[in-house]
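Me: I have a structure here that is new to me. Can you take me through it?

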Amino acid sequence: MQYDTKDISIRLRALEPEDLDLLYSVENNTEEWAIGSTSMPYSRDILRQYIMSTTGDIFADKQVRLIIETADNKTAGLIDLTSFDPKNQHAEVGITVLPAFRNSGIATLAMQLLEQYASQTVHIHMLYAIVPEDNICSLKLFEKCGFSTSGALKEWLFDGKKYRNARVMQKII
């Protein structure tokens with residue numbers, strides 16, 4: 001999957017064994033734990049097993065994790081569909097853009113590519129995300145991509161010190 005604009009060209013590709021270091025650094029970034037459901041580190045061996053065992057088939061795995069890559073083969077981040085429900089045709093979206101690529105438009109392009117894959121290939125009807133209310137950048141990204149807030153989750157996320165509210169954001173595609 002590739003997307004080209006006048007200024008940026010990106011593609012989404014499957015995980016490769018060479019992505020182990022990236023996956024290790026993203027999954028073990030304790031600053032990101034506050035906005036997700038992870039609260040413990042992953043070993044390289046566990047992540048290696050994950051990369052090797054994933055089929056890349058969202059119907060088999062109920063998830064798909066993709067690398068966001070620039071035209072010059074630089075890794076810009078990760079984007080994934082998780083909690084895939086084929087019966088009800090919905091999935092949760094997650095995205096992490098590496099600091100060097102933030103505020104460049106790459107996240108928006110990656111979301112557009114993921115949405116295209118979700119609707120045209122997997123035939124997903126609805127995408128959703130659970131976004132911390134204080135993560136203004138993520139809220140803006142999802143709103144820019146056509147997601148709307150459909151609910152509030154009070155004290156949904158615990159960052160180790162306090163509970164934080166989150167928004168459920170959805171998009172019918």
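Reply: What follows goes through cysteines, helices, strands and aromatic pairs in turn. Keep in mind that this is a predicted model.

Me: Cysteines, then. How many disulfides are there?
Reply: The count is zero. C137 is in no disulfide, and the nearest cysteine sulfur, that of C145, is 13 Å away. A disulfide needs two cysteine sulfur atoms within 2.5 Å, so at 13 Å C137 and C145 do not form one.

Me: Is C137 buried or exposed?
Reply: C137 counts as exposed, because its relative accessibility is 60%.

Me: And C145, buried or exposed?
Reply: C145 counts as buried, at 9% relative accessibility.

Me: Which residues are buried in helix α6?
Reply: Helix α6 covers residues 136–144, and S138, L139, L141 and F142 are buried in it. These buried residues span an arc of only 160° around the axis, so they sit on the same side of α6.

Me: Why would residues a few places apart end up pointing the same way?
Reply: An α-helix has 3.6 residues a turn, so residues three or four places apart point the same way.

Me: What is on the face turned away from the buried side of α6?
Reply: That face carries the exposed residues C137, K140 and K144.

Me: What covers the buried residues of α6?
Reply: The cover includes β5 (90–97), α5, β6 (126–132) and β8 (163–172).

Me: What comes after α6?
Reply: G146 follows α6, and its phi is positive, near 95°.

Me: Back to the start of the numbering. Which residues of helix α1 are buried?
Reply: In α1, residues 20–27, the buried ones are L20, L22, L23, V26 and E27. Down the axis of α1 they fall within an arc of 160°, so they line one face of the helix.

Me: You mentioned α5. Where is E115?
Reply: E115 is in helix α5, which runs over residues 106–120.

Me: What does E115 touch?
Reply: Leaving out residues up to four places away in sequence, E115 touches L127, C145, K171 and I173. With K171 there is also a polar contact between the side chains, at 2.6 Å.

Me: What is the bridge partner of L127 in β8?
Reply: The partner of L127 is K171. So two of the residues that E115 touches, L127 and K171, are bridge partners across paired strands.

Me: How do β6 and β8 run, parallel or antiparallel?
Reply: β6 and β8 run antiparallel and are joined by seven bridges.

Me: What about β7 and β8, how many bridges there?
Reply: Strand β7, residues 148–158, pairs with β8 over seven bridges, in the antiparallel sense. One of the bridge partners is Q170 in β8, which goes with S148.

Me: How many residues are between the strands of the hairpin of β7 and β8?
Reply: Four residues lie between them, and G160 in that hairpin takes a positive phi near 100°.

Me: Different topic. How many aromatic pairs does the structure hold?
Reply: There are three. F59 and F84 make an edge-to-face pair, with 5.2 Å centre to centre and 85° between the planes. F59 is in helix α4 (residues 58–61) and F84 in strand β4 (residues 75–85), so the pair links distant parts of the chain, 25 residues apart.

Me: Of F59 and F84, which is buried?
Reply: F84 is buried, with a relative accessible area of 5%. F59 counts as partly exposed, at 42% relative accessibility.

Me: What kind of pair do F158 and Y163 form?
Reply: A tilted one, 4.6 Å centre to centre with 40° between the planes. F158 counts as partly exposed, at 45% relative accessibility.

How values were computed: Residues numbered from 1 in each chain as written. Predicted model: local features only at pLDDT ≥ 70, side-chain atom pairs only at ≥ 80, totals over all residues. Heavy atoms only, no water. Buried < 20%, exposed > 50% of the residue type's maximum accessible area, 1.4 Å probe, protein only. Arc of directions from axis to C-beta. Polar contact = N/O pair within 3.5 Å; in protein donor to acceptor, adjacent residues only side chain to side chain. Contact = heavy atoms within 4.5 Å. Phe/Tyr/Trp six-rings, centres within 6.5 Å; stacked < 30°, edge-to-face > 60°.
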